[in-house]
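The report below describes the strand pairing and then the nonpolar core of one chain.

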Amino acid sequence: MTLKSNLTSEASGRLARLLIAKSIAETLLVGTIAVVFFLTLFPPYFRGWGEATPKGIAGWAVNQSEPWERVQVQLFIDGQLAGSSVASGSRPDVRAAGWAVDEWHGYEFQTAGLVPGEHLAQVYALHSNGAGNRRTLQLLGDPIRFVVAADGGFHEVR
């Protein structure tokens, strides 16, 4: 081989390694941006649970990244907003289970006036981003199927 072909081959190899390194760095940068964006908009740190009670829908909600904070919750019944509240009621079971640092994470929605029949309730944690200009909802637990009897009483469908 000649000196010129050796230099060309060496330069080509160096260029290939640089392009591969650049591609890896770009992939890591884009991946990092995507994860930060996702975690900012859709924080995966809310935990909660709800059930149908004789009076309505009750449960608890905790922000796992800030377990002392009270979570704003919204109730949707059959796809329609039925109420909004802050989960700040006493739930000693939540603290005893280690989900929160205190017991004040319960909520209860009174749902009088629903027509008899089967309904679907969904409770969401309302999250605002740091600037407060974007809000997202995260479903807490599973949707709750319940039946309202003719006398107005509730029971959960399992």
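In this predicted model, β5 and β6 pair in the antiparallel sense over two bridges, where pairing requires that DSSP finds at least two bridges between two strands, and Gly-89 stands opposite Gly-106 in β6. Both strands belong to an open, antiparallel sheet of four strands in the order β1-β2-β6-β5, whose edge strands, β1 and β5 (89-90), each pair on one side only. Strands (E, at least two residues) and helices (H or I, at least four) are DSSP runs numbered from the N terminus; the chain has 10 strands and two helices.

The model is predicted, with local features needing pLDDT of at least 70 and side-chain atom pairs counting only at pLDDT 80 or more, while totals for chains, interfaces and linings use all residues. Residues are numbered from 1 along each chain as its sequence is written, and side-chain values use heavy atoms, leaving out hydrogens and water.

The largest nonpolar core (buried Ala, Val, Leu, Ile, Met, Phe, Trp, Tyr and Cys residues joined through side-chain atoms within 4.5 Å) has 19 residues, and Leu-75 is among those with the most contacts inside it. The strands tabulated here each supply at least two residues of this core, and the largest share, four residues, comes from β3.

| Strand | Residues |
|---|---|
| β1 | 46-52 |
| β2 | 56-63 |
| β3 | 71-77 |
| β6 | 104-110 |
| β7 | 117-128 |
| β9 | 144-148 |

Leaving aside neighbours within four places in sequence, Leu-75 is in contact (heavy atoms within 4.5 Å) with residues including Ile-57, Phe-109, Ala-121 and Val-123. Buried residues (under 20% relative accessible area, 1.4 Å probe, protein chains only) make up 30% of the 158 residues in the chain.

Definitions and conventions:
Buried < 20%, exposed > 50% of the residue type's maximum accessible area, 1.4 Å probe, protein only.
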